[in-house]
Amino acid sequence: MNKLSIIIPVLNEISTIATTIAHLEKVLSKKIAYEIIIVDGGSIDGTIEKIKANDALKLVLSKKGRAKQMNAGANTASGDILYFLHCDSFPPQDFDLAIISQVSQGNKAGCFRMEFNDNHPVLRLSQWFTRINHIAFRGGDQSLFVTTQLFQDIKGFNEEYVIYEDNDIISRLYAKKQFVVIPLTLFTSARRYRQNGVWRLQYHFAMIHLKRKLGHSPEQLLNYYKQNIL
């Protein structure tokens, strides 16, 4: 019997977390076993108290950093399938059944197609490419499912990465030829693009990808991110 562990890393997300949980409760089929694990990286805005007030959630406290938080969540998960979800990404109806279906077909890892909650032409073009199963079009906002066994086999998220951790683990899953794009759409927030400017943020993300291909270290990628992205 499959069980899905939904793992959401958060940091000062009091304005978002309630909406995320309400959405999950609405779109989960409830036909398979599941748990929702919220991994807090040191919130000081009341996020922790809000999570504690909901008995349906499992709270895990962790050091700050998405890779560390998602590994911490995985370490406490009881499911045989892990589903990593950003706090401002909203999966489609019956996403749990869609994931189980893929795993039953032998696809041990993957994501959904993605759309932004913004109609900027650059974002519309970018989101169209997420339907293509190629590593160049992957990112953490699309969410990630992976069997617990495969996650353990590849040793989880690399905690050296404070940014780019999603791309790193996805690249290792592609190397295992274990990645599928489910033809259903997840919606995600464009808030970072609004904060930084769409063209500006796309440019800096492209530079980070290029720097990684050129062999820059996780620390160098983080320094570039801090210098250029809000």
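Let's start where two helices meet: the axes of α5 and α9 come within 9 Å and cross at roughly 40 degrees. Because an angle between 35 and 65 degrees falls outside the parallel and perpendicular ranges, α5 counts as oblique to α9. At this meeting point, Val122, Leu123 and Ser126 of α5 touch Val198, Trp199 and Gln202 of α9. Sorted by class, the contact of α5 with α9 has four nonpolar residues, two polar ones and no charged residues. Keep in mind as you look around that this is a predicted model.

Stay with α9 for a moment, since it also packs against helix α10, residues 218-228. Here the angle is about 165 degrees, and the axes lie 10 Å apart. Angles over 145 degrees count as roughly antiparallel, so α9 is roughly antiparallel to α10. The crossing of α9 past α10 is right-handed. On the α9 side, the contact is made by Arg200, Tyr203, His204, Phe205, Met207, Ile208, Lys211 and Arg212. The α10 side supplies Leu221, Tyr224, Tyr225 and Asn228. By class, this contact of α9 with α10 has seven nonpolar, two polar and three charged residues. If you would like to see a pattern in such lists, recall that an α-helix has 3.6 residues a turn, so residues three or four places apart point the same way.

α9 turns up once more around helix α7, residues 165-175. What covers the buried residues of α7 includes α9 (198-213), along with α3 (66-76), β6 (109-116), β7 (144-147) and α6 (148-153). How many of the eleven residues of α7 are buried? Eight of them are, and the helix is mostly covered. The buried residues are Glu165, Asp166, Asn167, Asp168, Ile169, Ile170, Leu173 and Tyr174.

The backbone on either side of this helix is worth a look too. Tyr164 sits in the loop between α6 and α7. Its phi is near 70 degrees, which is a positive value in a residue other than glycine. Is Tyr164 buried or exposed? With a relative accessible area of 18%, Tyr164 is buried, because the cut-off for buried is under 20%. After α7 comes Lys177, whose phi is also positive, near 55 degrees.

Now turn to the sheet. Eight strands form an open sheet with mixed pairing, in the order β3-β2-β1-β4-β7-β6-β8-β5. The edge strands are β3 (57-61) and β5 (89-90), each of which pairs on one side only. At the β5 edge, β5 and strand β8 (residues 180-188) pair in the antiparallel sense over two bridges. Within that pairing, Phe90 has Phe187 of β8 as its bridge partner. Elsewhere in the sheet, β1 and β2 pair in the parallel sense over eight bridges, with Leu4 standing opposite Tyr34 in β2. Seven of the eight residues of β1 are buried, so this strand is largely enclosed by the rest of the structure.

Helix α1, residues 17-27, lies across β1 (3-10), β2 (33-40), β3 and β5. Relative to β2, α1 runs at about 170 degrees. The loop between α1 and β2 holds Lys30, whose phi is near 65 degrees, again a positive value in a residue other than glycine. At 42% relative accessibility, Lys30 counts as partly exposed.

Two buried residues round off the tour. One is Ile81, which lies in strand β4, residues 81-84. Ile81 has a relative accessible area of 1% and is therefore buried. Which residues does Ile81 touch, not counting residues up to four places away in sequence? They are Asn2, Lys3, Leu4, Ser5, Ile99, Ile100, Val103, Val146, Thr147 and Thr148. The other residue is Ser143, found in the loop between α5 (121-128) and β7. Ser143 is buried as well, at 2% relative accessible area. Leaving aside its neighbours within four places in sequence, Ser143 is in contact with Tyr83, Phe84, Leu85, Gly110, Cys111, Phe112 and Leu186.

How values were computed
Residues are numbered from 1 along each chain as its sequence is written. This is a predicted model: local features need pLDDT of at least 70, side-chain atom pairs count only at pLDDT 80 or more; totals for chains, interfaces and linings use all residues. Side-chain values use heavy atoms; hydrogens and water are left out. Buried means under 20% relative accessible area, exposed over 50%, partly exposed in between (1.4 Å probe, protein chains only). Helices (H or I, at least four residues) and strands (E, at least two) are DSSP runs, numbered from the N terminus. Contact means heavy atoms within 4.5 Å. Axes are lines fitted to C-alpha atoms, for helices over the stretch in contact, and angles run from 0 to 180 degrees between N-to-C directions. Angles under 35 degrees count as roughly parallel, over 145 as roughly antiparallel, 65 to 115 as roughly perpendicular and the rest as oblique. A crossing is left-handed if the near helix is turned anticlockwise from the far one by less than a right angle, and right-handed if clockwise. Ala, Val, Leu, Ile, Met, Phe, Trp, Tyr, Cys and Pro count as nonpolar, Asp, Glu, Lys and Arg as charged, and the others, Gly among them, as polar. Two strands pair if DSSP finds at least two bridges between them.
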